[in-house]
Amino acid sequence: MNLFKQEVASEKLHPNYLSMIEKILKKDREILNTWIEGFPDRDNKFVKEFQTTFNSSFWEIYLYKLFKDLSFEFDWSHSSPDFLLKYEEINFVVEATISSNAQNEKPEWEKEDDLTKRYDGYLENMNEKNKYSIIRLANSFISKFRKYKNSYQKLPHVRNKPFVLAISPMEQPLHYHQYDRPIMALLYDFYLDEEEYFKNPEKFPNGLREKRLYTVKKPNGSEIELGFFLDDRASEISAVLFNPIATWSKVQSMKKNKLGVFAHTWITQDHKMIQTINEEELIEDGLFIFHNPYAKYPLDKKVFQKDRICQVFMDKDTLFIERTFGTKHLTNRLAMEIILKK
């Protein structure tokens, strides 16, 4: 596939695709070309979709590259779901989706030009941003869950296998700063109110504590009950794969950047935050696997047991949540312009 040979009229090109081809470096093009080596265009329309929808297609490319690097085996003999995979003796299924902006809401590519103002505005309104993310993530989760119930579970090559939903959050500007706040609320009803902590730290002498939201209200007044993994209502979903920073910047960060464009913030095993400049990213950096304790077909933790992948487990009796990873896990990637002005 030639992703950069234009196949549609210019007015149909996605804003992110246009922005990318205006700025793309030869090295970045070469990196993306290596990502898609061997990726089959099963319906002969992937390039058009990449140029017109971009986000969902890029997410599939990212997942393909991730699974290749994790040495998974691919089975392309069926047209759906997206990925039929095998790791050692374990067969499992992955379906990809993204969360997008609601109709008439600002899309993720319409960002404040000033990077520092953009980031500061996000921090000042984190609860509002997180609530919107939760709603949009819930829509994507529920839509694919219905697809599984109505279609996928009837397929012989899907039946009795762990089913993983891979979600990329692309619902609003600065979606890549959300880390795990909205998705943890959606799946486990576990929420950290960082906005309140930043504005009133004196209320938290012992540090930030989690709380339950129970529900979030949609603009139409209906409520979404949170905690999809707190009971067996979504037991057909074995786990959720999630990476908020699997954006075009991931391609740029997959090489040593001598200009030091990005600063990376990490959380370590002992819960400390560290920052590095000019560090080469791995494809799995920023990746979460959220396991469903009520899964009919649990995903073996060894499938994604890798140093910088964060796996999240909840004990269904105590509701204790455990995060496991190796040396460190990437929380965000900030442009140096922001760091230098702080």
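## Ground rules

Two strands count as paired if DSSP finds at least two bridges between them. Strands (E, at least two residues) and helices (H or I, at least four) are DSSP runs, numbered from the N terminus.

This is a predicted model, where local features need pLDDT of at least 70, side-chain atom pairs count only at pLDDT 80 or more, and totals for chains, interfaces and linings use all residues. Residues are numbered from 1 along each chain as its sequence is written, and side-chain values use heavy atoms, with hydrogens and water left out.

## The sheet, from its β1 edge

Let's start with β1 and β2 (residues 83–87), which run antiparallel and are joined by two bridges. Glutamate 73 sits opposite lysine 86 of β2. Both strands belong to an open sheet of eight strands with mixed pairing, in the order β1-β2-β3-β4-β9-β12-β13-β14. At the edges are β1 (73–74) and β14 (321–324), each pairing on one side only.

Moving inward, β2 and β3 are antiparallel too, with five bridges, and tyrosine 87 faces isoleucine 90 of β3. Their hairpin has two residues between the strands, and glutamate 88 there takes a positive phi near 55°. Then the sense switches: β3 and β4 pair in parallel over seven bridges, with alanine 96 opposite alanine 166 of β4.

How enclosed is β3? Nine of its ten residues are buried, so β3 is largely enclosed by the rest of the structure. Buried here means under 20% relative accessible area, with over 50% being exposed and anything in between partly exposed (1.4 Å probe, protein chains only).

## Helices on the sheet

Which helices pack here? Contact means heavy atoms within 4.5 Å. Helix α4 (residues 55–69) packs on the sheet and touches β1, β2, β3 (90–99), β4 (163–169) and β9 (239–242). The direction of α4 makes about 155° with that of β3; axes are lines fitted to C-alpha atoms, for helices over the stretch in contact, and angles run from 0 to 180 degrees between N-to-C directions.

Helix α7 (residues 181–188) packs on the sheet as well, touching β9, β12 (288–291), β13 (310–314) and β14, and its direction makes about 15° with that of β12. α7 is mostly covered, with eight of its eight residues buried; among them are Pro182, Ile183 and Tyr188. Right after α7 comes aspartate 189, which has a positive phi near 50°.

## Two buried residues

Phenylalanine 83 lies in β2 and counts as buried at 1% relative accessibility. Leaving out residues up to four places away in sequence, phenylalanine 83 touches ten others by name: Phe39, Glu60, Leu63, Tyr64, Phe67, Phe74, Trp76, Phe92, Val93 and Val94. Tyrosine 64 is 19 residues from phenylalanine 83 in sequence but 8.4 Å away in space, C-alpha to C-alpha.

Serine 133, in helix α6 (residues 126–150), is buried too, with a relative accessible area of 2%. With the same sequence neighbours left out, serine 133 touches Glu171, Gln172, Gln178 and Pro182.

## A cavity by α7

The structure has two cavities of 30 Å³ or more. A cavity is a set of points, on a 1 Å grid over the protein atoms alone, where a 1.4 Å probe fits but cannot get out, and lining residues have an atom within 4 Å of a point. The second largest holds about 30 Å³ of space and is lined by Asp180, Arg181, Met184, Phe190, Leu192 and Arg323.

Notes:
On a 1 Å grid over the protein atoms alone, a cavity is a set of points where a 1.4 Å probe fits but cannot get out, and a pocket is an open set with protein on both sides within 12 Å along at least five of seven lines; lining residues have an atom within 4 Å of a point. Grid points are joined across faces, edges and corners, and a volume is the space filled by probe spheres set on the points.
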